[in-house]
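Me: Could you take a close look at one part of this model for me, and then show how the chains around it fit together? A connected walk-through would suit me best.

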Amino acid sequence: MGFNSLVFIFILLPFALLVYKYIPKQWHNIFLLILSLFFYAWGSAPALIMILLSVGFNFFAARGIGQHIESGDKRTARIQLIASVAFDVALLAVYKYTGLDMPLGISFYSFSVMSCLFDVYYGKTSAQVEFFDFFLYVMFFPKIISGPIVKWEDFRAQVHNHAVTRDGFLQGFELFLAGFFKKALLADKLGVTLASLLARPQQTVGLAWIGVFVYSFELYLDFSGYSDMAIGLARMFGFSFKKNFDYPYTSESVSVFWRRWHISLGAWFRDYVYIPLGGSRCNRGTQIRNLMIVWVLTGIWHGSTLNYLIWGLYHGSLVLLDKFVIGERLQKVPRRLRILLTDAAVFIGWVFFFRTGIGDAFAHIGRLFGIGAAGFWSRATTFSLTENLILLIIAALCCSPWMKNMHAKLTYKKDGAAMYISVALYVILFVFGVAGILGSTWTSFMYANF
Amino acid sequence: MPDNKTPQQKKALYKRSLIRRHHRIVFTAVMALIVLLFLANLLTPSKKTSDAENRSLAQRPHITAGGLRDGSFAEDFDTYYSDQFVFRNQFIKLKFIGNMLLHIKENNGVLIGKEKYQFEIPAVPDEKLEAKTIQSINEYAKASDGIETRMMIVPGSAAILKDKLPVSASVPDQVKDIKDFYSQIDDGIRKIDTVKILKQADSDNLYYKTDHHWTSEGAYTVFKAAAHELGIKKPGRYNKYTVSTSFKGSLSSKSGDFIGKDTIEVYVPKSNETDYYVSYPNAQEKRASIYKPEMLDVKDQYLVFFGGNHPLVEINTTAGTGRNLLILKDSYANAFVQFLIPYYDHIIMVDPRYYYDNVNMVVSNYGINEILYLYSADTLFTDTSLSDALEAAADAAAEDQDQSEEAQGEETQREESQKE
Amino acid sequence: MKKLSGDKINYADLIKWIFALLIIVLIVLKFTGNRVSNADFKDVKKAVEKTVKDDDTVLDGDNVMVKRLYGIDPADYDGIMLKYPSTNMNVNEVFLVKLKDVKQQDQILEAVEKRLETQKNNFENYGTNQYSILKKSVTDVQGNYIMFVVNEKTDPIVKAFEKSLK
């Protein structure tokens with residue numbers, strides 16, 4: 001099940017909210033656990049066994065490590081930590097690199113379970129890991145499928161302390177809706193036009209650029225939209241998760257970009273890989289090594305093909321460039337230009353995501369600069385532009401706080417009609433969003449198929 | 001709490017209460033909508049088929065242990081829930097409207113053009129498949145000595161009504177594809193240049209706006225101009241009757257636009273000298289007319305011609321011309337046959353997508369002396385049934401030949417042994 | 001794995017490896033189940049045909065026959081072979097398919113089931129011998145190859161099929 005499925009929105013969500021409101025407080029977590037198990041098993045029943053086994057493995061690993069820490073045996077704790085993390089990583093690698101179907105959410109829950117092992121080892125949380133807390137942490141349905149990657153210590157701090165406030169609940173719901181709109185109204189439509197755009201036989205320079213823009217916006221809106229829905233949902237049950245995206249396309253440098261894009265992943269690598277390896281507190285050579293390790297890992301986390309590795313190295317190199325070569329000089333460039341350059345670098349990087357195979361990826365990048373293109377512009381290019389222009393403009397506006405601020409400015413005036421217009425807008429957008437979901441299941445046959 | 005807040009603090013608090021109020025109303029409104037739709041879904045009975053989508057709709061899946069275990073129950077339930085979702089058709093229309101607002105002109109493979117014209121994007125020919133089809137047609141013609149063979153490939157509206165396509169839309173060049181196809185067909189088969197005829201026609205009514213077929217007028221335009229090539233020296237006159245003004249065709253269904261409407265006309269020969277009846281062997285049905293008026297009550301009114309596609313349709317006339325025509329076809333022929341009735345004794349229509357018997361049997365049973373291939377370009381360039389059927393017929397013929405040669409061989413042997 | 005100086009075995013450490021073992025077992029099972037064969041369709045076809053070459057109750061089925069009996073389009077698959085009963089009184093049949101994609105398994109299995117049902121219905125009331133042969137039919141799914149066999153003796157055919165896939 002996903003968040004923008006009809007069964008979730010119209011059956012599971014209202015049911016869950018209703019039951020949660022009226023059952024006694026001490027049953028809350030158990031209910032959330034059962035809900036999460038159901039949510040995961042729906043459509044992924046075979047994968048359920050794997051995740052349950054992983055929960056078992058990692059729970060006892062955490063227990064063991066905790067016990068060693070408590071009794072002062074840091075050495076054994078360390079050995080067990082390395083062995084367990086190695087097993088988790090190996091499991092993830094096996095799925096990624098052989099053709100096997102990956103269990104739903106394994107890229108995310110693997111990082112969750114490892115977070116617990118690390119946090120216990122480093123003493124960030126109590127060495128005693130409670131089973132049901134851990135179980136809920138791994139399976140928690142708002143975040144299990146696509147994150148954000150919440151650290152064990154953050155979840156642990158709230159698991160017995162997540163009272164729902166009215167403000168929090170309502171904000172959560174708004175965020176959920178905002179994410180839904182981003183995904184169902186913008187990202188999905190961009191995805192549809194991208195496919196036909198990339199399939200045009202004559203690829204011009206114009207098409208190459210339009211493709212890059214369409215995908216860059218689609219990826220951001222899709223991923224951040226889903227994160228919004230996840231964080232919003234968690235909020236409705238009292239959990240506060242940190243935001244996963246902070247208007248990354250307004251970043252002034254690639255280093256800043258990585259503090260605004262998929263923030264939970266960056267934080268995970270920073271806290272569990274970069275800093276333990278020494279981080280920035282060592283000589284330049286080691287620093288560079290540490291950074292490159294993190295970026296190689298970032299690349300291969302996103303995908304198992306060479307494209308993703310190259311993408312990771314690409315960003316790693318850019319960050320190194322920014323940190324050690326350009327440094328302060330970048331400040332001399334006007335702010336808007338800095339943002340533009342950063343966006344250009346990042347957008348071009350996404351080519352490795354939507355073109356499978358290194359050949360296709362580099363060919364596309366070449367075409368961006370006129371190499372190997374079938375001309376600069378064409379009729380088909382104009383058509384692709386007109387098909388996407390309005391979407392692209394709206395998407396661009398959503399990449400900065402402009403949309404949100406404008407909405408707040410226009411709506412929260414003195415008790416006027418503006419408020420009700422905004423509500424009506426939300427309802428209409430919601431209906432259009434549902435129409436979008438239904439539309440993707442619409443199959444019409446030219447000749448009767450009875 | 002002492003009320004010594006600064007004006008700014010008061011303003012901030014007020015704004016916060018506004019925000020809270022806004023969020024509350026949004027939540028109430030959207031959640032109410034969700035609950036209403038949930039109840040509506042619960043209380044509405046399941047539909048069996050979708051007229052709009054031309055297919056049967058998924059029904060509630062049964063809960064089985066196996067289904068729960070491998071996740072197929074969940075998948076089937078998801079499909080069932082979306083298939084049976086209340087107001088499904090209206091939601092699709094809404095999606096279409098949303099796309100129109102965003103100036104997205106391509107909906108589900110259908111281009112939305114000017115003057116409410118909808119266009120199916122022409123299929124890109126499958127070269128291997130095409131080669132096979134061309135080969136089988138050529139070989140069949142060679143083996144069919146004495147049968148006059150003709151071919152009529154009809155382009156789709158996107159190839160002819162280029163000025164009605166949405167601005168700067170670019171579609172595969174079907175005109176060129178038809179030309180290429182024709183050039184590989186042997187000279188012994190007469191090819192009709194439908195593209196030229198349709199391009200030169202000065203009419204706004206050659207194709208339906210909401211359907212992928214040509215109109216009767218489009219078909220008539222081709223008939224009139226090509227009659228001579230079809231061996232009809234003096235084509236007669238026809239009376240035109242409008243049978244529907246509310247036709248919403250296949251493209252409307254595919255794209256989700258239910259706004260446009262088309263008119264269906266039929267052409268009946270002015271002189272009513274020729275009587276005929278139609279026989280549908282697979283349905284064991286006989287009719288006195290090629291039109292089925294009851295089809296005007298269903299969604300796909302184009303079915304008024306013959307009720308759609310059948311494996312084989314027999315038209316027996318009193319024309320007395322001695323000409324027996326076999327048409328190997330797709331649904332485009334359904335609107336063309338109405339002009340042919342006064343000129344043939346028998347018109348046999350075979351649709352290879354549904355016909356599994358031997359085409360040669362048709363030829364011998366009905367004394368076929370003329371064959372017409374009447375296809376839309378889209379179907380012909382992507383379909384395998386025609387080549388399959390022709391190859392099967394050729395194989396069967398070869399086998400018969402072998403068997404009869406064997407039998408002949410045995411006979412000659414017997415005769416010779418008798419002589420001795 | 002080091003024990004603490006002097007005593008307790010850490011049970012948690014041990015138990016986690018039991019889970020690890022179960023995970024490994026699960027993965028291995030998944031591997032062997034989905035194995036795709038690289039065998040050439042021509043070779044598999046030859047091997048299977050050999051086992052029925054002396055059966056004169058079956059005929060070679062062409063594309064039209066496949067469509068008619070199974071309702072699938074041969075063009076969608078990598079290779080199809082059909083041997084179907086020559087008369088209304090026989091039921092011997094071999095249907096061999098090489099899939100383009102493992103995901104096509106469901107479609108073929110559905111088509112085979114329908115075909116079997118149709119045949120069973122035809123013989124249920126008056127052909128007890130044929131009916132019992134139909135009931136013994138075998139549908140062998142091997143990753144990207146599927147074979148449906150109706151025969152008094154299905155074993156040699158199935159064995160030849162599976163052997164040719166290596």
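Reply: Happy to. In this predicted model, let's begin with α9(A), where 24 of the 33 residues are buried, so the helix is largely enclosed by the rest of the structure. Helix α9 of chain A covers residues 166–198 and reaches 46 Å from its first C-alpha to its last, close to the 48 Å expected at 1.5 Å a residue. Along the way α9(A) has a kink of about 30°, and A:Ala187 is at its centre.

From there we can turn to how chain A meets its partners. Its contact with chain B draws on 54 residues from chain A and 58 residues from chain B. On the chain B side, α1 (7–43), β2 (55–56), α2 (65–70), α3 (72–83), α4 (88–101) and α10 (250–255) each supply at least two residues. The largest share there, 19 residues, belongs to α1(B). Sorted by class, this side of chain B is made up of 25 nonpolar, 19 polar and 14 charged residues.

Chain A also touches chain C, in a contact that takes 20 residues from chain A and 14 residues from chain C. On the chain A side, α3 (45–70) and α4 (74–97) each bring at least two residues, and α3(A) gives the most, with 11 residues. The class make-up of this side of chain A is 10 nonpolar, 8 polar and 2 charged residues.

Now for chain C itself. It holds an open sheet of 5 strands in the order β1-β2-β3-β5-β4, with antiparallel pairing. At the edges are β1 (58–61) and β4 (138–142) of chain C, each pairing on one side only. Neighbouring strands of the sheet are turned by 15° against each other on average, direction ignored.

Within that sheet, β3 (residues 93–98) and β5 (residues 145–150) of chain C pair in the antiparallel sense over 6 bridges. If you want a pair to look up in your viewer, C:Phe95 has C:Phe148 in β5(C) as its bridge partner.

Helices pack on these strands too. Helix α2 of chain C (residues 41–51) lies across β2 (79–85), β3 and β5 of chain C, and runs at about 165° to β3(C). Helix α6 of chain C (residues 155–164) packs on the sheet as well, touching β3, β4 and β5 of chain C, and its direction makes about 10° with that of β4(C). Both α2(C) and α6(C) therefore bring us back to β3 and β5 of chain C, the pair joined over 6 bridges.

Definitions and conventions
Residues numbered from 1 in each chain as written. Chains lettered and ligands numbered in written order. Predicted model: local features only at pLDDT ≥ 70, side-chain atom pairs only at ≥ 80, totals over all residues. Contact = placed C-beta atoms within 7 Å. Helix = DSSP H or I, 4+ residues; strand = E, 2+ residues; numbered from the N terminus. Nonpolar A, V, L, I, M, F, W, Y, C, P; charged D, E, K, R; others polar. Expected span 1.5 Å × (residues − 1). Bend = angle between axes of the 7 residues up to and from the residue. Buried ≥ 20, exposed ≤ 12 C-beta atoms within 10 Å, placed from the backbone. Pairing = 2+ DSSP bridges. Axes fitted to C-alpha atoms, helices over the stretch in contact; angles between N-to-C directions.
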